[in-house]
Amino acid sequence: MRILIYTQYFYPETNAAANRMNDLASFLSQNNTVTVLTGFPNHPLGKMIGNYKIKWLYKEKKGNINVLRSFLVVPKKTNSKIWRYLNYFSFAFSSFINLFMVKDVDAVFVSSPPISILILAYFYTKVKKIKLIIDLRDLWPEVAISLKFLKKGLITKILEKFIIKTYTCASKIFINTPAFQETLEKDYKIANNKICYIPNGFDIDGNLLIKNTLKRLDFNFKIFYAGLLGFAQNVDLILNLAEICQKQKENINFFIIGDGPLKNYAKNKINELRLNNITLFDYQSKHDLFNLINECDLGLITYQINDAFRKNIPSKIFDYMFLEKPILINLEGQASTIIDNADCGYCIETDDAEKLYNYIKDNSLKLKEKGINGFNYLEEHFNKKDLLSALEQKLREI
């Protein structure tokens with residue numbers, strides 16, 4: 001099969017979407033001809049990653065994968081809506097033109113969001129009369145409205161109609177959380193046989209060597225957060241929790257690793273509150289990231305209390321499970337269901353840092369066993385090799 005993967009995010013970017021598409025492309029390229037049309041790597045740092053220079057179209061080879069990088073505007077301010085829109089729409093414009101540089105394709109596998117390239121992929125596959133396959137990671141415009149990027153009104157209604165039309169015409173829609181199934185079927189009237197749940201998963205075999213080399217050096221109690229520092233992630237909750245721990249003179253330290261639009265806000269608040277129990281890290285290699293997680297006693301996942309985020313399964317949950325770290329999440333939903341089923345942590349729905357502090361203090365002695373449960377559940381249900389094999393099989397059935 002000749003597959004074009006259309007995604008704004010790809011290696012060497014390391015966000016969840018880039019990791020998912022990189023793993024998918026590498027796996028599919030073993031038995032298929034794979035081309036990736038993507039942007040120049042810059043997310044979430046807001047600056048170029050690697051030694052790339054912006055061009056209209058740049059071609060490179062990554063193993064068996066043909067990679068085409070299309071022009072985009074690198075946002076100078078990651079917390080600016082205008083710069084983010086410039087980033088999205090510049091890539092959408094250039095990549096749509098560059099789509100027609102790709103020949104001999106049987107199907108387009110498009111990863112969304114951003115929603116712009118989903119709509120463009122639909123038009124392209126209509127013109128070329130080829131199959132459209134969607135990798136759906138967020139329901140738009142629902143999420144955009146929840147984050148106040150868009151206001152509910154005529155524009156979002158028109159956008160939603162376009163999106164439903166796109167979903168209807170797709171040969172297959174892959175979702176990474178089962179919560180999307182009901183919305184797609186009941187609200188958007190998408191046929192059940194078009195929808196396939198394949199979670200992100202974790203490359204257990206590929207990371208065991210790193211895990212086996214890890215040794216903990218400091219056994220003081222530490223809480224770990226890794227991921228996007230954005231508007232959905234309730235950054236204030238983490239900082240307020242750290243402030244309470246410091247005021248209570250608890251020997252609890254925080255490791256925070258991430259980039260995003262609220263990174264500078266977090267830095268400024270840490271300085272303002274004089275929080276000396278937080279270490280804020282920049283981008284880390286996988287080995288260094290695992291070393292830091294291994295030093296910690298609890299993996300933290302935080303969200304704004306919002307129904308739109310209950311459907312999410314953040315990729316950081318699998319890192320915590322792999323390294324046998326118990327997990328605490330502040331929002332009930334798909335992620336907390338996994339944690340409950342695996343018996344690998346706790347969920348307390350709140351945006352009150354005081355409640356989180358008391359919960360951690362009351363349950364700290366039960367943590368070690370919970371972490372071991374997480375790895376066992378990950379191995380049985382979220383082994384990436386098995387999930388990618390299942391995805392490839394679904395593609396062959398189209």
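Me: At roughly what angle do the axes of helix α12 and α14 cross?

Reply: This is a predicted model. In it, the axes of α12 (residues 334-342) and α14 cross at roughly 105°. They come within 9 Å. Angles of 65 to 115 degrees count as roughly perpendicular. That makes α12 roughly perpendicular to α14.

Me: Which residues of α12 and α14 meet?

Reply: From α12 come Ile-338, Asn-341 and Ala-342. From α14 come Asn-373, Gly-374 and Tyr-377. Sort this contact by class and you get three nonpolar residues, three polar and no charged ones.

Me: Now the sheets. In what order do the eight strands of the open sheet stand?

Reply: Read across the sheet, not along the chain. The order is β3-β4-β2-β1-β5-β6-β7-β8, and the pairing is mixed.

Me: Why is one side of β3 and of β8 left without a neighbour in the sheet?

Reply: Look at the edges. β3 (57-62) and β8 (195-197) stand there, each with a single partner strand, so one side of each has no neighbour in the sheet. From one strand to the next, the twist averages 20°.

Me: How many bridges join β7 to β8?

Reply: Three bridges join them, and the two strands run parallel. β7 covers residues 172-175. Find Ile-175, then look in β8 for its bridge partner, Tyr-197.

Me: Which helix lies across β1 to β7?

Reply: That is α1. Its direction is at about 170° to β1 (2-6).

Me: What is the strand order in the open sheet of six strands?

Reply: Here the order is β11-β10-β9-β12-β13-β14, with parallel pairing. The edge strands are β11 (278-281) and β14 (345-347), and each pairs on one side only. Neighbouring strands of this sheet are turned by 20° against each other on average, direction ignored.

Me: How many bridges join β10 to β11?

Reply: Four bridges do, and the strands run parallel. β10 spans residues 252-257. Ile-257 has Phe-281 in β11 as its bridge partner. Helices pack on this sheet too. α8 (residues 235-247) touches β9, β10, β11 and β12, and makes about 160° with the direction of β10. α10 (residues 286-294) touches β9, β10 and β11, and its direction makes about 140° with that of β9.

Me: What shows where empty space is left?

Reply: Rolling a probe the size of a water molecule over the atoms shows it. Start with the cavities. The structure holds two of 30 Å³ or more. The largest has a volume of about 90 Å³. Its lining counts 13 residues, with Arg-20, Pro-199, Asn-200, Leu-388 and Leu-391 nearest the centre. α1 (16-28) and α15 (384-396) each supply at least two residues of that lining. By class, it has eight nonpolar, one polar and four charged residues.

Me: Which residues line the second largest cavity?

Reply: Among them are Leu-298, Leu-328, Tyr-346 and Asn-363. The volume of this cavity is about 40 Å³. Helix α13 (residues 353-363) gives the largest share of the lining, three residues. The lining has six nonpolar residues, one polar and no charged.

Me: Which helix supplies the largest share of the lining of the second largest pocket?

Reply: Helix α14 (residues 367-381) does, with four residues. In total, 17 residues line this pocket. Arg-216, Leu-323, Glu-324, Lys-325 and Lys-368 lie nearest its centre. The lining divides into eight nonpolar, three polar and six charged residues. The pocket has a volume of about 320 Å³.

Conventions:
Residues numbered from 1 in each chain as written. Predicted model: local features only at pLDDT ≥ 70, side-chain atom pairs only at ≥ 80, totals over all residues. Heavy atoms only, no water. 1 Å grid on protein atoms, 1.4 Å probe; cavity = no way out; pocket = protein on both sides within 12 Å on 5 of 7 lines; lining within 4 Å. Points joined across faces, edges and corners; volume = space filled by probe spheres on them. Nonpolar A, V, L, I, M, F, W, Y, C, P; charged D, E, K, R; others polar. Axes fitted to C-alpha atoms, helices over the stretch in contact; angles between N-to-C directions. Parallel < 35°, antiparallel > 145°, perpendicular 65-115°, else oblique. Contact = heavy atoms within 4.5 Å. Pairing = 2+ DSSP bridges.
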